[in-house]
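Me: I'm in my first year and still learning to read protein structures. Could you take one part of this one and walk me through it closely?

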Amino acid sequence: MSDLPPLRDVISRHGLNASKALGQNFLFDEQLLDRIARIPGDLEGESVYEVGPGPGGLTRALLRAGANVVAVERDHRCIPALAELSAWKPGKLRVIEDDALKIDEAHEAGHAHIVANLPYNVGTALLVRWLASESWAPWWKSLTLMFQKEVAERIVARPDSSAYGRLAVLAQWRSTAKLAMNVHRSAFTPPPKVMSAIVHIEPAEAPEGATIGTIERLTAGAFGQRRKMLRQSLKSVPGALEALEMLCIDATRRAETLTVEDFVSIARAIDTKA
Ligand code: SAM
C-alpha cells in the first residue's frame, strides 16, 4: 500500500475539488488516519462499512489495518479514484455509489464495524437510525464517527449539563459512548469552521422491559421542552406522569436532571403497564 500515489495527486488527477454541498472536508495525514482506523480495535480480517470514503484517505487506512471494506459514496466523481484502491487490494474493497441514507446497509455490509467521516446532518441522521434499531444487538459491531465537536459532546454528555439531551440518552441507554479523539480543524482540506471529534460507540446489553419506541417518545417529549418541568413536558406522552409518580420521581424536575437509568425506569414502567 505504501506505493500508492499521494492523496493530493489522486484528487488533482480526478478533479475532486471539495464540494461544499456534499460536506467534503478531506483528511490527508496518514498517521492521523491510521490512528482513526485503530479506534474500533484490531481490524485484521474484520468487516468494515465506511460511509463517505471520498478520495479514499480513511479507506486506505482501513485497508492497511487489514479490514474488508464495503464503502458507500454518493459523489460519482470519487468512484474512479476508489476503483484504483479496489484494484490495489483485490477482493478487499467493494464500493457502492449511492446515498447512505437510502441503502439497505445491513444487507450490504453484514455484521460490520461502521467507520465514517461525514457531513454533520447526514452523520446525525445515520447515528439516530443506527441507535434506534428495533433489534438489539444491532447489525453493526461498533460505530466510529466523526462529528463537529459540539455534537460529539452531546452524544457523550452526562446529566445536569446543557449538552445532555435526546442524543445522549439514545447513545447511552444500551450502548457505551466515548469521545475517542479530538481532531483539529486544520487537519482537514479545506478546513471547516469548527473543531471535530470522533465518537466511539459499542452496543451493550439492552435493559429488559423498555422499548426503543418509548425511549424515543419520552426523550422527544422531555427534551422538546427542556426548560419546562416534567409534569408539563411529559403531559403528551401516554403513561409518563403515572410512571413518574410510581417511581417517586418529582414531576417538578427538569429533563436534564434525569439520569439515563431514570429514563429507562420510566420507559419500563410505561411499557409494562401498556
Ligand atoms: N472519508 C473522506 C476523508 O475522511 O477524507 C471524506 C470525508 S468528507 C467529510 C464526507 C464524504 O461523504 C464526502 O466524500 C461526501 O461526498 C460523502 N457523502 C456526503 N453525503 C453522503 C451520503 N448521503 N451518502 C454517502 N456519502 C455521502
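Me: Please look closely at the open sheet, together with what lies around it and the spaces beside it.

Reply: Happy to. One thing to keep in mind throughout is that this is a predicted model.

Let's begin with the sheet itself. It is open and has seven strands, in the order E4-E3-E2-E5-E6-E9-E7, and the pairing is mixed. Try tracing that order on the screen with a finger. At the two edges you will find strand E4 (93-97) and strand E7 (175-183), each of which pairs on one side only. Neighbouring strands are turned against each other by 20 degrees on average, if direction is ignored.

Now zoom in on the end of the order that holds E4. E3 and E4 run parallel and are joined by five bridges. One position to look for is Ala 71, which stands opposite Val 95 in E4. E2 and E3 also run parallel, and five bridges join them. There, Tyr 49 has Val 70 of E3 as its bridge partner. Is E3 enclosed or open to the outside? Five of its six residues are buried, so E3 is largely enclosed by the rest of the structure. While you are looking at strands, here is a general habit to know: in a regular strand the side chains alternate between the two faces of the sheet.

Next, move to the edge strand E7 and pick out Ala 177, which lies in it. Ala 177 counts as buried because its relative accessibility is 11%, and the cut-off for buried is under 20%. What does Ala 177 touch? Leaving out residues up to four places away in sequence, its contacts are Ile 155, Val 156, Ala 171, Gln 172, His 200 and Ile 201. For a sense of distance, compare Ala 177 with Gly 23: they are 154 residues apart along the chain, and their C-alpha atoms are separated by 24 Å.

Helices lie across the sheet too. Helix H2 (residues 30-38) lies across E6, E7 and strand E9 (196-203), and it runs at about 175 degrees to E7. Helix H6 lies across E2, strand E5 (112-117), E6, E7 and E9, running at about 150 degrees to E6.

With strands and helices in place, we can turn to the empty space. Rolling a probe the size of a water molecule over the atoms shows where such space is left. The largest pocket has a volume of about 980 Å³. It is lined by 44 residues, and those nearest its centre are Leu 22, Gly 23, Gln 24, Asn 25 and Pro 119. Gly 23, then, is the residue we compared with Ala 177 a moment ago. Which elements give two or more residues to this lining? They are strand E1 (26-27), strand E2 (47-51), helix H3 (57-64), strand E3 (68-73), helix H6 (120-131) and strand E6 (140-148). By class, the lining divides into 25 nonpolar, twelve polar and seven charged residues.

There is also one cavity of 30 Å³ or more. About 40 Å³ of space lies in this largest cavity. Its lining is made of Leu 27, Ile 36, Leu 58, Val 115, Ala 116, Asn 117, Thr 144, Leu 145, Met 146 and Ile 198. E5 and E6 each supply at least two of those residues. Eight of the lining residues are nonpolar and two are polar, with no charged ones.

Finally, let's visit some loops around these elements. As a general background, most residues other than glycine have a negative phi, and most peptide bonds are trans. In the loop between H6 and E6 you will find Ala 137, which is joined to Trp 136 by a cis peptide bond with omega about 10 degrees. Another cis bond runs from Thr 189 to Pro 190, with omega near -15 degrees. Pro 190 sits in the loop between strand E8 (188-189) and E9.

For a positive phi, look at Asp 160, where phi is near 65 degrees. Asp 160 is in the loop between helix H7 (149-155) and helix H8 (166-172). Is Asp 160 buried or exposed? Its relative accessible area is 57%, so Asp 160 is exposed, as the cut-off for exposed is over 50%.

Key
Residues are numbered from 1 along each chain as its sequence is written. This is a predicted model: local features need pLDDT of at least 70, side-chain atom pairs count only at pLDDT 80 or more; totals for chains, interfaces and linings use all residues. Side-chain values use heavy atoms; hydrogens and water are left out. On a 1 Å grid over the protein atoms alone, a cavity is a set of points where a 1.4 Å probe fits but cannot get out, and a pocket is an open set with protein on both sides within 12 Å along at least five of seven lines; lining residues have an atom within 4 Å of a point. Grid points are joined across faces, edges and corners, and a volume is the space filled by probe spheres set on the points. Helices (H or I, at least four residues) and strands (E, at least two) are DSSP runs, numbered from the N terminus. Ala, Val, Leu, Ile, Met, Phe, Trp, Tyr, Cys and Pro count as nonpolar, Asp, Glu, Lys and Arg as charged, and the others, Gly among them, as polar. Two strands pair if DSSP finds at least two bridges between them. Axes are lines fitted to C-alpha atoms, for helices over the stretch in contact, and angles run from 0 to 180 degrees between N-to-C directions. Contact means heavy atoms within 4.5 Å. Buried means under 20% relative accessible area, exposed over 50%, partly exposed in between (1.4 Å probe, protein chains only).
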